[in-house]
Structures are given as structure tokens and as C-alpha cells.
Amino acid sequence: MAAALSSSIDKMRDHYDVVVIGSGYGGGIASSRLARAGKTVCVLERGEEKQPGDYPNRGPGLLAEVQFDAPVARAGSKTALLDVRYNKDINVVVGCGLGGTSLINAGIGLRPDPSVFITDAWPAELRVKAVLDDYFARAEDMLKPSFAPSAFLNAGKAVALGEAAKKLGRTADPLPVLVNFEPLPNDTNHVGVTQLPCVGCGDCVTGCNYKAKNTVIMNYLPDAKKHSAEIFVLARVGYVEKADGGWRVCGDGVDEKGNEAAFTVTGKVVILAAGALGSTEVLLRSQEKGLPLSKQVGNHFSTNGDMIGFAYNTDYIVNGIGLGARAPNPNSPIGPTATAMIDFRHDSGANGGFVLEEAAIPGALSALLAPLLAIEARLQRSQISDDLRDSVRKEFLEIESKLLGAYTGADKNTLSLILLANDDSMGRMILSDDRLRIDWPGLGKQAQFERASELMQRVTQTLGGEYIQNPIWNDLTNHNLVTSHPLGGCVMADNADSGVVNHKGQVFSGAPDGGVHEGLYVMDGSVVPTALGVNPLLTISALAERSCRHLAQDYGWAFAY
């Protein structure tokens, strides 16, 4: 077991040079870079610290790691790993724990198309060719994206996507993923953390138990701690307010003895890095308590164009169910959660602007999978054309999965699909009864989601399967959607009339003179003003790297990468 990176809140000092709220990509980067500048740094994380080996790999354990927040009720522990937010238009899944959503994402490290940054939604300073290239490279140098080896790219789900691509006149390209695939010298990575090669279990999105995934707890956070940053878990921030010489952060947490306790800590600089939901919530609450801010706080929420679907019971052995508690089998690897994509971003016509990726379903869900997929297939079968109805062989495969489980029959031949596109970034986040809610009437009926579903149906047809669309995206639910890539809420802009922070991440004061709150920053997905068309982690990281560089320059601080 690795040595703990974190402490309890009773070890916290009263004041630091820098207080970082959140520990995902933005928070990890800020803590590492500013600790390297020789500053005293405090990192506050609302969840627990989990290390490889601590993540759920069976159904009951996974259920215990889910927290659910809906307008009418909350359920589950407030520190559960998977934080699910239900709203009438859009559901959101984010990570809760040291390392943030890096713990539960697929770790896909794609750069967006440069054309994404040339719209007026971005500050003028970022509408410059290649302005982020150096910062993308800095983030890649720490996060180490790489392509899966041939053993995984020539395995079931990647091969199935490749066959679909070929039949559509396209190719399936390898995805850069934040996973280590090679033995390292002395099993030690570039920041001195024990790291091992991927075993191909397919369970990246419920937490890597094999020390292979490059989450923030494998790079930026241990680097921050090595440079004397102090990291605290079970520390939930409520709001920030001005204090003499800086900022006061107020929250509640749990001390070493397990007792709940309020805390306050001050910092010359405070960096909000709690994610699109968390940072927006803190600023909205701070605004309610009198902090003058832009009226745009909470606006321009985006789903990043997320859409999911399933090519059920195809003609191909997909082998796309994670192993969960099963032992890895090198003769039948699943690979990381995602390994390949079909890139439609530059296409004209109905397919244009999409990235389609294959994925593995977590093994902890395997016991529920066979009945759920079979039921959903039958519910949607009336919408499938006659030439796709089950043959006798397919019917037998479905029965096989029901009797023998998800690693057989129809489920073994089912390909999970993730599609990323665009939306109009017009969601609105508000506080209701001191809880964050998202309002976006008509979101699920936007044309791009219908086009996305049609594309996934065509892919399914090429594989001889039945298309199962997102089960909650239908007329009965008013086409409710789900995203794991929330963006916006504290967006970057040229001024406070258009956004919440400037190009450096400094928070606008909301005053007519366009000034900023000295020492208050946001560095996470909440600052991204548009959908990116790709998985956003690398863009979030590059923007945070850039903000840290500007912050250090403005304060006369220096750090070595």
C-alpha cells in the first residue's frame, strides 16, 4: 500500500500562501506548480483518499460508492466515489475523492481541433494559433498519454469498432490514454510513485486497482506533496470571502477522530478547482453571501455533446465487460476502458463534428448487465427494422447471457459506444435549497443528439447487432441526457458581461471597470466556455498549466517544471 498523500483537517494550519479547492486535473496542477515555486500550499478535497486496491470491483461495493442527488432527495454517502446528479434535463456523473474525476474517467488524452478556440466564446488572448501548444505539452509530459499495445488494439472491442469503421469507409484510430503499458525502471514513474503495466482489466472508470492508470494521484499530487504541499481530505468547502491580505475559505469536514468539524483557512491566493459543478456551487454560495461577481456565474453549462449507446448482440466477439473481481487473463485481454475511435470531426453532412469511441462496461456491473440489456433490447425492438430482428442463433445467445452471465452470449458480443460532439452551452446552474441544480429545457431534443443516435445505429447495423440507445433518452423522460464531461459555469471571457474569469483564470469582480478579485482564480472545467468535441481532460490541464504560469509571473514567483 502506498503511503498516504493526505491528512485530516485538524492538521491544517491557519494560513497558507495558496489554498487550492479540489484535487482533480486543475487542482493537482495548481498544487504541484505552486509548491514547486516554494510557496506554502494547502489542498482541500471533499472526498476520501483511495489508492489502487481500494476501488470497488463487485456490485455491492460499487453501490456503496454511489451518491445520488435529485431535486427531491439525496442518497448515499457524501464522500462516495461516484457522484450522480439528477436533473430534469441533464444528469451528471463526476468523481469524488483525492484525484477528482481522474479516478473514474476513461483517461482519454485528446487535443481538440484548433478551430475550437477561434470562436468569440473564448477570450481574445486564447484565439491565437498554437497559444496552448506548450501547455498541452507540459500536461502530456506529466500525464503520459500513450497508445495501447497491439495486444489490446487487436482485441475484441477495438477490432469490432475497426470493422464498423471499414464498412463505413473510415478507419479506427488508436486513442491516447492516460495508462501505463510498459514496465518502468524499478517499477517507479517519473515522480517517484510505484507504477505497473496495465493488465487489461477494462475497469478504468470504477478506479484502477493495478497501479497502471495515470490518475492525478500518480503524478501531480505526489509531486506537490514532495514539494511540501499539504493535502487534506474530507474537507468540503462552502464559500470563500475576502480577508485581510487575501481570502478566507470556510467549510466543514471530518477530523482525525471522525468527528465533524467546521474549518476556516486563509490564503493570499485561493484557487477554485472543484470542477464545473463544485467551483460554480462555491462561487454561487459566495455570491449569495455578498461577494461581488459577474452575473454570468452558473451560465454556459455544457455537456460536451456526450451521448452513449450500445451495439447489442453483434456478430463479433467484443469482450467488452470489465473483469471486476476476476483475475486478469493475458490470453483474453479487454484492454483499458477505451482504446480506439472513429474521428468524424472534419466530415461534412450528418456525421460531421463527431468523435465515436468504443468502451468497456465496468465488471462491477456485470451481474446486472444481462437482464438489463435484454430488457432494454426488447423495449426498443419495435423500433428496429425487420432485417435486424433476432435470428434463432441470436436468441440463443441472449438466453445464454441470461443463464450464464455477462461474459457469455449476447453480452459478450455487445459493443459500448461513446460519442462526443457539441451543444450550444446554454445550460444554467443555480442554487436551490443550497444544492446545485441544472436547468436546460429542450437540451435532449437538439438536432445533434438525434444525428449522434443515428450514427450509432448505423455503426450497430454494420456489426449485425441491435442498437440500444441511451435508455433514459426517450419521449417518456423528455429526452433526458447524461454527461460525465460537464463544462462551464465559471467561463472564461473578455469581460464580466460575458463570463466569470479572464484568460488567466482570475475571477472578475463584476464591477463596471472590468476589474478582477486579486488572488482569486478558477482552474478547472468550469472555465471552458464551449463544448470541445473531444474528452476534455487535456484541455482542462493545458488551461490550468497556462493559468499557473501567468499567476507565478504576476506574483514574481518562479518554478521549474
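The legends below describe close-up views of a predicted model.

**Figure 1. Overview of the predicted chain of 561 residues.**
The chain holds twelve helices and 23 strands. Its C-alpha trace extends about 75 × 50 × 45 Å along the principal axes. The radius of gyration is 23 Å, which agrees with the value near 24 Å for a compact globule of 561 residues. Of these residues, 60% are buried. Among contacts with a separation of 6 or more, 74% join residues 24 or more positions apart. The accessible surface is about 21200 Å², and carbon and sulfur atoms contribute 53% of that area. The chain carries 51 positive and 63 negative charges, and the mean positions of the two sets lie 2 Å apart.

**Figure 2. Val 20 in strand β1 and its contacts.**
Strand β1 covers residues 15–21 and contains Val 20. Val 20 has a relative accessible area of 0%, so this residue counts as buried. Leaving out residues up to four places away in sequence, Val 20 touches Gly 27, Ala 30, Ser 31, Val 41, Cys 42, Val 43, Leu 44, Ile 271 and Ala 273. Val 522 is 502 residues from Val 20 in sequence, yet the two C-alpha atoms are 9.5 Å apart.

**Figure 3. Helix α5 and the elements packed against it.**
Helix α5 runs over residues 156–167. Its twelve residues should span 16 Å at 1.5 Å a residue, and the end C-alpha atoms are 17 Å apart, which agrees. The buried residues of α5 are Gly 156, Lys 157, Ala 158, Ala 160, Leu 161, Ala 164 and Ala 165. These buried residues pack against two helices, α4 (150–153) and α11 (447–462), and against strands β15, β16 (354–359) and β17 (415–420). Just after the helix comes Gly 169, with a positive phi of about 75 degrees.

**Figure 4. Helix α7, a mostly covered helix.**
Helix α7 comprises residues 275–288. For its 14 residues, a rise of 1.5 Å a residue predicts a span of 20 Å; the end C-alpha atoms are 20 Å apart, which agrees. Eleven of the 14 residues are buried. They are Ala 276, Leu 277, Gly 278, Ser 279, Thr 280, Glu 281, Val 282, Leu 283, Leu 284, Arg 285 and Ser 286. The charged side-chain types Glu 281 and Arg 285 are thus on the buried list. Gly 290 follows the helix and has a positive phi, near 110 degrees.

**Figure 5. Val 500 in a loop between two strands.**
The loop holding Val 500 lies between β21 (481–483) and β22 (506–508). With a relative accessible area of 1%, Val 500 is buried. Beyond its neighbours within four places in sequence, Val 500 is in contact with Gly 489, Cys 490, Val 491, Gln 506, Val 507 and Phe 508, and also with Leu 283, Ser 294, Gln 296 and Val 297. One of these partners, Leu 283, is a buried residue of α7. Gly 298 is 202 residues from Val 500 along the chain, and the C-alpha atoms of the pair are separated by 8.9 Å.

**Figure 6. Two loop residues other than glycine with positive phi.**
Lys 211 has a phi near 60 degrees. This residue sits in the loop between β9 (176–177) and α6 (220–226). The relative accessibility of Lys 211 is 26%; buried means under 20% and exposed over 50%, so Lys 211 counts as partly exposed. Asn 313 has a phi near 55 degrees. Its loop lies between β14 (307–312) and β15 (340–344). Asn 313 is buried, with a relative accessible area of 1%.

**Figure 7. Helix α12 and the glycine just after it.**
Helix α12 takes in residues 537–555. At 1.5 Å a residue, its 19 residues should span 27 Å, and the end C-alpha atoms are 27 Å apart, which agrees. The helix is mostly covered, with 17 of its 19 residues buried. Gly 556, just after α12, takes a positive phi of about 75 degrees.

Conventions. Residues are numbered from 1 along each chain as its sequence is written. This is a predicted model: local features need pLDDT of at least 70, side-chain atom pairs count only at pLDDT 80 or more; totals for chains, interfaces and linings use all residues. Side-chain values use heavy atoms; hydrogens and water are left out. Helices (H or I, at least four residues) and strands (E, at least two) are DSSP runs, numbered from the N terminus. The radius of gyration is taken over C-alpha atoms; the globule rule is 2.2 Å times the number of residues to the power 0.38. Buried means under 20% relative accessible area, exposed over 50%, partly exposed in between (1.4 Å probe, protein chains only). Contact means heavy atoms within 4.5 Å. Accessible areas come from the Shrake-Rupley method with a 1.4 Å probe; for residues, only the protein chains shown count as cover. The place of a charge is taken as NZ of Lys, CZ of Arg, CG of Asp or CD of Glu. The expected span of a helix is 1.5 Å times one less than its number of residues.
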